Amino acid sequence: MARRILFSLLLILGAGAASEASSAKLETIAVLGTGDMGDSFGPRFADLGYHVIYGSRSPDSERVVNLVNSTGRGASADTYADAAAAADIVLVAVASHAVEQIIDGLGELDGKVIIDLNWPPTRIADDGYEERLTDISVAERIQEMRPKALVVKAFGTMASNVIDDPHVAGGPVTAPIASDHRQAKETVARIAAELGLDPVDAGPLRMARYLESLMMLYLIPHNQGRQEGWDFYFRRSNYWACNAYTGGELDETGPTIIDAGNLAEFPHTQGEPEPCPSE
Ligand SMILES: NC(=O)c1ccc[n+]([C@@H]2O[C@H](COP(=O)([O-])OP(=O)(O)OC[C@H]3O[C@@H](n4cnc5c(N)ncnc54)[C@H](OP(=O)(O)O)[C@@H]3O)[C@@H](O)[C@H]2O)c1
């Protein structure tokens with residue numbers, strides 16, 4: 001609770017943009033999939049004041065009914081199609097190999113924000129390590145299937161325990177967000193900030209390929225049969241700013257800004273950047 005109060009204060013004090021956006025908060029989020037990720041996101045969204053509808057193959061099963069009851073706050077469960085139809089924002093958190101079939105079975109998605117956190121379908125290659133089965137990302141495939149949906153890649157770079165408790169990493173966990181739709185990107189950034197994560201702009205949707213590929217690194221200890229896994233987190237860094245490093249060609253007008261029209265202005269949820277070492 002103390003953390004929630006502190007976080008609320010940070011939002012109020014440090015994130016004017018976030019508070020402004022919150023007043024326009026879309027009310028209903030469909031959480032498609034009731035597995036490890038779905039049952040982490042659903043209760044957190046409900047706690048934040050969103051109306052949660054789980055989408056499931058078995059919305060009346062005891063397992064899903066228990067999840068709905070423990071989520072509380074008016075949460076419900078329905079079929080995938082009906083849950084998505086009732087929502088403004090749809091979080092797709094289903095088994096990787098089932099994504100296409102599930103998206104195919106949904107009704108109209110035009111104008112809805114579709115958050116894709118899925119890892120790509122893979123197989124174990126001859127050397128025992130993961131290998132992708134597709135060249136494009138899951139997110140791009142969803143966008144291809146539903147051209148008028150606003151697909152955003154986010155939240156696949158962290159495990160469900162970070163969603164349960166963003167403080168588990170001992171510091172702010174950065175959530176890279178990729179999309180070709182700036183407003184949708186900003187909506188998801190606001191949600192990330194509300195969840196206690198630190199949203200950063202990862203560029204256009206095609207960058208989802210690289211975000212998704214991180215899971216193959218995550219699974220290496222598992223592939224090796226080790227008891228101990230590893231977690232990794234993105235963190236903001238002031239290294240470039242402190243060392244006046246531009247990272248690109250400069251002319252008299254300054255560095256070239258790529259993708260300027262889709263460069264999101266995210267709420268700065270984690271306060272001011274750390275001072276440079278000499279300051
Ligand atoms: N777990 C993590 O920490 C983590 C982290 C990052 C990304 N991801 C990605 O997030 C997605 C969901 O992961 P998860 O860990 O929540 O998976 P999970 O625990 O295996 O749950 C997946 C859910 O997908 C639904 N589903 C629909 N069709 C299915 C089918 N044919 N076979 C199996 N399940 C089916 C099921 O929900 P219903 O029974 O309600 O239909 C199931 O509970 C995956 O793409 C995964 O790669 C997971």
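## Helix 3, tucked away

In this predicted model, helix 3 hides most of its residues: Gly38, Asp39, Ser40, Phe41, Gly42, Pro43, Arg44, Phe45 and Ala46 are buried. That makes 9 of the 10 residues in the 38–47 stretch, so the helix is largely enclosed by the rest of the structure.

What does the covering? The buried residues of helix 3 are covered by elements including strand 1 (28–32), strand 2 (51–55) and strand 4 (89–92), along with helix 4 (62–71) and helix 8 (160–164). Just after helix 3 comes Gly49, with a positive phi of about 105°.

## The sheet

Now for the strands. There are 8 of them in an open sheet with mixed pairing, and the order reads 3-2-1-4-5-8-9-10. Strand 3 (76–78) and strand 10 (198–201) are the edges, each pairing on one side only. Ignoring direction, neighbouring strands are turned by 25° against each other on average.

At the strand 10 edge, strand 9 (residues 174–179) runs parallel to strand 10 and is joined to it by 4 bridges. Thr174 sits opposite Asp198 of strand 10 there. Helix 4 packs on the sheet too, touching strand 2 and strand 3, and its direction makes about 170° with that of strand 2.

## The nonpolar core

The largest nonpolar core has 65 residues, and Leu32, Leu91, Ile114 and Ile115 touch the most other members. Helix 9 (residues 182–194) supplies the largest share, 6 residues. As background, nonpolar side chains tend to be buried together in soluble globular proteins.

Take two of those hubs. Setting aside residues up to four places away in sequence, Leu91 touches Ile29, Ala30, Val31, Leu32, Phe41, Ile115 and Leu117. One of these partners, Phe41, is among the buried residues of helix 3.

Ile114 lies in strand 5 (residues 113–116). Why does Ile114 count as buried? Because 28 other C-beta atoms lie within 10 Å of Ile114, and 20 or more is enough to qualify. With the same sequence neighbours left out, Ile114 touches Val90, Val92, Leu109, Ile142, Ala149, Leu150, Val151 and Val152. Ile114 and Gln143 are 29 residues apart in sequence, yet their C-alpha atoms are 9.0 Å apart in space.

## Around the ligand

Which residues come closest to the ligand? Out of 21 that surround the ligand, the closest are Gly35, Asp36, Ser56, Asn118 and Trp119. Sorted by class, this shell holds 9 nonpolar, 10 polar and 2 charged residues.

Technical notes:
Residues are numbered from 1 along each chain as its sequence is written. This is a predicted model: local features need pLDDT of at least 70, side-chain atom pairs count only at pLDDT 80 or more; totals for chains, interfaces and linings use all residues. A residue is near a molecule or strand if its C-beta atom, placed from the backbone, lies within 6 Å of it. Ala, Val, Leu, Ile, Met, Phe, Trp, Tyr, Cys and Pro count as nonpolar, Asp, Glu, Lys and Arg as charged, and the others, Gly among them, as polar. A residue is buried if 20 or more other C-beta atoms lie within 10 Å of its own, exposed if 12 or fewer, and partly exposed in between; C-beta atoms are placed from the backbone. Helices (H or I, at least four residues) and strands (E, at least two) are DSSP runs, numbered from the N terminus. Two residues are in contact if their C-beta atoms, placed from the backbone, lie within 7 Å. A nonpolar core is a set of buried Ala, Val, Leu, Ile, Met, Phe, Trp, Tyr and Cys residues joined through C-beta atoms within 7 Å. Two strands pair if DSSP finds at least two bridges between them. Axes are lines fitted to C-alpha atoms, for helices over the stretch in contact, and angles run from 0 to 180 degrees between N-to-C directions.
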